Amino acid sequence: MRFSVVIPAYNCETYISRAMLSVIHQIHRDMELIVINDGSADNTEAAVQQVMAAHPDFSVIYRKTQNAGPSSARNLGMELATGDYVCFLDADDYYDTELFARIGAIDQPFDICYFGWKEIREETGEVFSQYTDRFAFLDEPISGLAAAKGKFRGQLWLCNCNAVYRTEMLRQNGIRYPEGIYAGEDTCFIYSGLLCAKQ
């Protein structure tokens with residue numbers, strides 16, 4: 001199972017390296033990282049290239065575009081993705097190194113798989129919020145429609161960075177992020193994906 005991780009990057013020189021390294025250091029090795037520099041005016045490009053130079057054996061695709069917003073960057077990343085599954089990591093977030101090993105160990109087919117998150121104070125490392133404070137995990141697979149209803153009711157939660165999507169399912173159904181929207185842009189994408197997902 002191959003995963004493509006797309007990072008839309010805009011003026012994030014101070015933390016893009018951490019996000020990239022959290023993908024590069026995954027226990028699961030069948031991975032590619034796609035970084036779309038959305039017209040950054042800072043040293044984001046230099047930070048990305050420094051990580052790439054330090055890890056030449058890891059598959060990293062890097063593109064710099066004119067600033068068009070995170071939806072455009074994610075859509076370009078989806079177009080470039082070669083993995084069986086694609087997911088989206090914001091440049092100021094990062095993954096646990098065991099995440100994709102756990103997802104890759106799932107022994108039944110799925111169109112979408114979501115996972116939890118923690119919010120951590122940078123200064124102290126204190127966890128001040130986590131997924132299970134407000135939402136639940138599933139005991140068994142459900143249809144995308146049932147998951148959409150659960151999300152709408154606030155029983156479970158998917159956002160930009162806590163789900164993987166079967167790439168072919170997205171492409172077959174023409175599911176993309178709506179461009180020109182800079183807040184809540186993931187809502188349309190996530191619900192579109194859920195309504196097309198079988199499980």
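Ser4 has Val86 as its bridge partner in strand E4, in what is a predicted model. This bridge belongs to the pairing of strand E1, residues 3–9, with E4, which runs in the parallel sense over four bridges. E4 also pairs with strand E8, residues 163–166, here in the antiparallel sense and over three bridges, and within that pairing Cys87 stands opposite Val164. Strand E4 itself spans residues 85–88 and is covered on both faces, with Tyr85 and Cys87 buried on one side and Val86 and Phe88 buried on the other.

The aromatic side chains add a second set of links between these elements. The structure holds 16 aromatic pairs, and two of them are set out below together with two placements of a charged side chain over a ring.

| Residues | Arrangement | Distance and angle |
|---|---|---|
| Phe3 and Phe100 | tilted aromatic pair | 4.9 Å centre to centre, 55 degrees between the planes |
| Tyr85 and Phe110 | stacked aromatic pair | 4.7 Å centre to centre, 25 degrees between the planes |
| Arg121 and Phe128 | Arg121 over the face of Phe128 | 4.5 Å from the ring centre |
| Lys151 and Trp157 | charged end of Lys151 over the ring of Trp157 | 3.3 Å from the ring centre |

Because Phe3 lies in strand E1 and Phe100 in helix H4, residues 99–104, their pair ties together parts that are 97 residues apart in sequence. Phe3 is buried, with a relative accessible area of 0%, and Phe100 is likewise buried, with a relative accessible area of 0%. The pair of Tyr85 and Phe110 ties together parts that are 25 residues apart in sequence, since Tyr85 lies in strand E4 whereas Phe110 lies in the loop between H4 and strand E5, residues 112–114; both Tyr85 and Phe110 are buried. Ring pairs link these four residues with Tyr95 and Phe115 into a cluster.

His28, in the loop between helix H1 (16–24) and strand E2 (31–38), is in contact with Phe3 and Phe100, and also with Met1 and Ala101, when its neighbours within four places in sequence are left aside. A polar atom of the His28 side chain lies 2.8 Å from the backbone oxygen of Met1. Is His28 buried or exposed, given its 17% relative accessibility? His28 counts as buried, because the value of 17% falls under the cut-off of 20% relative accessible area.

Technical notes: Residues numbered from 1 in each chain as written. Predicted model: local features only at pLDDT ≥ 70, side-chain atom pairs only at ≥ 80, totals over all residues. Heavy atoms only, no water. Buried < 20%, exposed > 50% of the residue type's maximum accessible area, 1.4 Å probe, protein only. Helix = DSSP H or I, 4+ residues; strand = E, 2+ residues; numbered from the N terminus. Pairing = 2+ DSSP bridges. Polar contact = N/O pair within 3.5 Å; in protein donor to acceptor, adjacent residues only side chain to side chain. Contact = heavy atoms within 4.5 Å. Phe/Tyr/Trp six-rings, centres within 6.5 Å; stacked < 30°, edge-to-face > 60°. Lys NZ or Arg CZ within 6 Å of the ring centre and 35° of its normal.
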